[in-house]
Amino acid sequence: MSPPCNKLYLFLDGELPPVDEENFRHHLARCAMCASGLHEAMQLELLGFQAMHSEEELPVEEELPRFEERVARPRPTLRGRLRARVPAWMRRGGGWAAGAAGMAAALVVLVLTVNVAGSTPPEVWLAHPAHRSLEARVAYARADGYRRYVPMRAGPEASLVTTPLPLRELAELEERGDLHGIAAAYLVRKDLRQASDFLRRTPASLDRDSDLALVALEQGHREEALELLETVLRKSPDHPQALWNRALVLREMGLTLQAAEAFEEVAALGEPGWSEEARIRALALRSETMRRSRDFHDARAAALNLATLDGARLPLEDARRFPGVVRLLFYDAVRAAPTREAALRLLPLAEVLDDVQGDSTLRDTVNQVAHADFQRRGPLASDYARLLRGELPAPEAFLETLRRSGEDDLYLGALVARDMVERHLDDFERIARAGGDAWLTLLAERELSVREEHAGQWWKAEQRLRAALASCSGRGLAYRCATLRRRLADLFVRLHRPADALEEARDGWRLTRELGEWNLEQQFLQEMAQIARYRQSAASARAYLRESLARIPDDCEQRTYAHRNLAMVAWADFRPDEARQELEQATRCGRPLGMSGAWVLSYLARHGAQVRDEDLLRLTLDELRRGSRTPGERALLTFLEGQFMLERDRASGRALLHGAIDAAEKLPLDVDARKARTFAYAVLMSDAGQAGAQEQVLDLMGQALRVPVPRRCVLAMAVDHERTVAAVRDAQGMLAGAYEEGRSAPLHGTADGLVPPRLVTALRGCEHVDVLALPPVHGLPGLLPVEQAWSYRVGRTRMLPEARRQGGHHLVVTGVEAPSSLGLETLLPLESPRVPDPLRVELRGSSATPSRVLREMEDAREIEIHTHGIFSPELADASLVVLAPEEDGRYALAASQVREQTLRGAPLVLLAACGAARAAPFLHESVSLPVAFIEAGARTVLASTGDIPDTAGRFFESVRERIRAGTPPARALRDERLAWLAREPSAPWPSQVLLFE
């Protein structure tokens, strides 16, 4: 720093007497002439001088939040801001003041010129000079220099070594339009909110998306981060920052072998510093994962030897570390003991396992077996050991011998070993309960739930599993508890309830990792993949499946499972070529392709079936039909066959599709049947649209939705994967339609541009358009222009009592006291109505609980809910309305709760909550709050798919007043929307408010 500029800094630091006007002008002029001091002088002017000389101004550290707030909104140029910050004594009247201000302004121009020509100092992107505190990599080149990673320490000492945020340089970067550079400066200091704001204002690029993924990772949104990073890497496979950050995401998800592989890809790039650290990280992850696998399999092998190898060692230490798998195999060891001495030899192991659980169950089991008549039991026990080794020539005959022998524990074990439990479930349940062993009782509960599910009584299966889990406790039973949780997650997947399934699977995944039970980890990996697929998170599904594949590369059965499901994921992600490649991998072991394989083969027929595809599909369907299938699954198999055959023989394909619909109609509660019905209708509509049969498209849509099709002013809209079909009747009842193929991506939250312009034009003469749509179109905003009055028509899936034509109150939920743990802003209560409303019933504050709101809704003629809305796939499958918490903490009003109600007043419902119309990402049925209200008996529902401001309450109330005055709901919404947009043309949210009727 030059001496003149240094003296100015000393004035500010209090080392020299307070600067006066003459001294300031002298040193400022000299500083301005020294190029080496330009940056320092400007920083002085911007950040320090006013703090010394204007008592009315805030100190710099207190002004920081204001600066951060200003950079997030439109603002004047940097020169204008600096002129405005000339100290007060320089702004006072007189020629001197004007001259000094002019000199300061000239200095500003000079500094800007030099800084633009030069380079921003690297300290802008260094939170710590000697190391990095951000584990991830920033894709902005100047922020990505390698430094050793040191985790951020807690406590005041951490902040002492942090490089302060250089506001002056950030302002210069903004002047130059380098918003990514500003975002990077915030990122390295872990200011995620500011970083995200600037990144979203940055032009689209791979580096921008990589850093948005970094923000998502730091916020704990791992699936979102993985999706973003996978998109980047598909376009640029060697993107170093995306590769590195993907490795971190995978590690945080527990997918350690996938993370190691990603770090190895970074190491192969040969970047100084980064490659070496990546190599070390990959080695650590891989070796630790393999060590856990080795330790588990060693323990399992030792326990397995007890039943099949004479004189095998007792794995006592293994039993303490892995009590689950050792106990699982301990039962077989006791059953296979051919003598009393062989049984008693297992007593020390029984004692260790009992100590883990805290009871004496297994000691009692050993002592009971030791008192058996081994002259009779001994040969049966020896044959049981042969059965386990696969050496018994007639296992079915041996099973019958055991059934009649009275040696019930051997009979039970043989049923499990031969996978015959379902056929002899009554015997199994009787034996399991008789001994009082909780392990066996819980196993029986699991098997009974399977029978109930196959009988279509899924609600009984769910209740049974929840009750079993409630009684399951103790580390010794943790393995069995985990299998119950996996069974419940699997049930929820089959019922298409991914939010519930995710909760169970995450708990099970965490538990099995803590236990070190490698085989159960594998099962939960595959369960998580299925759940991710149902949630349309392709990147996560792929990651779970590939981790599963990496852990069992030599198991043919598991390889087939992983590849056939990877094929399913690829198809759902609009990658048919990749789907076929994965399917080819799945066929190499010669194992059955299962339901997912049949699904992919059926849909790939649209892209041209290969010669062997029909043979492969028929073999797969035949194998599936021979197994134990529910009626809904059989309807789904008929649909898959029909879709495939439609591409070969249109008549037989259509007959099969109608057969699937007929079978599904008899099973309204079966999820697989509902899938078969919806998907079959979608395929038939595509077929009709392709043939130009618009009348048939409309008729099929009406049948699918169970609604009458209007004779005029109606739009039918369906998207069946890559196919789009539309049909309309205009104001005169004239037909028009469109059919397209080649869609290569899913709909992303909006239907803008989906309806061809000529069909939009055809509907302009309609006062109101009824929209009939299947998922994923149903419930999307933007389908028709804002100038058009339109609404979604919703059919009801159950019979409701006739609505009351008179009476009923006007329910208003406002001023809700949401749980503080959610961190939501407090919404102001609605103002009292200008005109007295004697039927108005308000629920406010802590009284607005879900149970109270549901109770008051039953007889209401109008329902208004003004509160927060949230959409979290981890909590529910569709949006939730946030209400006041019950005594047990429950605060959400979900679609499932609303659907169970009967709204006898056929109410008008206004959901003035953010995202209240957001639907679950299901392709077979519409699941959302508006649909739930219609199914419960509401006649009309207004809700938004996006965020709405606090002022939206007035918007909803104005729509209600128009409807009360006699305006049809669709026109009332259209008119209020246009009025609002006339006042606020840039407001996006009025266009996201939808009408459901």
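What is the handedness of the disulfide of C472 and C481, given the torsion about the S-S bond? The legends below address this and other local features of a predicted model.

**Close-up 1. The disulfide of C472 and C481.** The torsion about the S-S bond of this pair is about -90 degrees, so the disulfide is left-handed. The sulfur atoms of C472 and C481 lie 1.7 Å apart. C472 has a relative accessibility of 12% and therefore counts as buried. C481, at 10% relative accessibility, is likewise classed as buried. A search of the whole structure yields 3 disulfides, and the other views of cysteine pairs follow.

**Close-up 2. The disulfide joining C556 to C589.** The S to S distance in this link is 1.8 Å. Its torsion about the S-S bond is about -100 degrees, so the link of C556 and C589 is left-handed. C556 belongs to helix α32 (residues 556-572), whereas C589 is found in the loop between α33 (576-587) and α34 (594-604), so the disulfide ties together parts that are 33 residues apart in sequence. C589 has a relative accessible area of 14% and is therefore buried.

**Close-up 3. The disulfide of C713 and C766, with D770.** The sulfur atoms of C713 and C766 are 2.2 Å apart. The angle about the S-S bond is -95 degrees, and the link is left-handed. C713 is placed in the loop between α39 (694-705) and β1 (714-720) and C766 in the loop between α40 (757-762) and β4, so this pair ties together parts that are 53 residues apart in sequence. Both cysteines, C713 and C766, are buried. D770 is located in strand β4 (residues 769-773). With a relative accessibility of 11%, below the 20% limit, D770 counts as buried. Apart from neighbours within four places in sequence, D770 contacts C713 itself, along with P710, V714, L715, S791 and R793.

**Close-up 4. The packing of helix α35 against helix α36.** Helix α35 (residues 613-626) and helix α36 (residues 631-646) meet at an angle of about 170 degrees, and their axes are 11 Å apart. Angles over 145 degrees count as roughly antiparallel, and the two helices α35 and α36 are therefore described in that way. On the α35 side, the contact is made by D613, E614, L617, R618, L621, L624 and R625. The α36 side contributes R634, L637, T638, E641, F644 and M645. Sorted by class, the contact of α35 with α36 comprises 6 nonpolar, 1 polar and 6 charged residues.

**Close-up 5. The surroundings of L520 in helix α30.** L520 is part of helix α30, which spans residues 518-534. Its relative accessibility is 1%, so L520 counts as buried. Residues up to four places away in sequence aside, L520 touches Y479, A482, T483 and T512. L520 and V325 are separated by 195 residues in sequence, while their C-alpha to C-alpha distance is 9.5 Å.

**Close-up 6. F330 in the largest nonpolar core.** This core contains 143 residues. F330 is among the residues with the most contacts inside it, together with V138, L170, L187, F263 and F428. When neighbours within four places in sequence are left aside, F330 is in contact with L346, L349, A350, L353, L362 and V366. A second, separate core has 58 residues, including V816, L854, M857 and A938.

Definitions and conventions:
Residues numbered from 1 in each chain as written. Predicted model: local features only at pLDDT ≥ 70, side-chain atom pairs only at ≥ 80, totals over all residues. Heavy atoms only, no water. Axes fitted to C-alpha atoms, helices over the stretch in contact; angles between N-to-C directions. Helix = DSSP H or I, 4+ residues; strand = E, 2+ residues; numbered from the N terminus. Parallel < 35°, antiparallel > 145°, perpendicular 65-115°, else oblique. Contact = heavy atoms within 4.5 Å. Nonpolar A, V, L, I, M, F, W, Y, C, P; charged D, E, K, R; others polar. Buried < 20%, exposed > 50% of the residue type's maximum accessible area, 1.4 Å probe, protein only. Disulfide = S-S within 2.5 Å. Core = buried A, V, L, I, M, F, W, Y, C linked by side-chain atoms within 4.5 Å.
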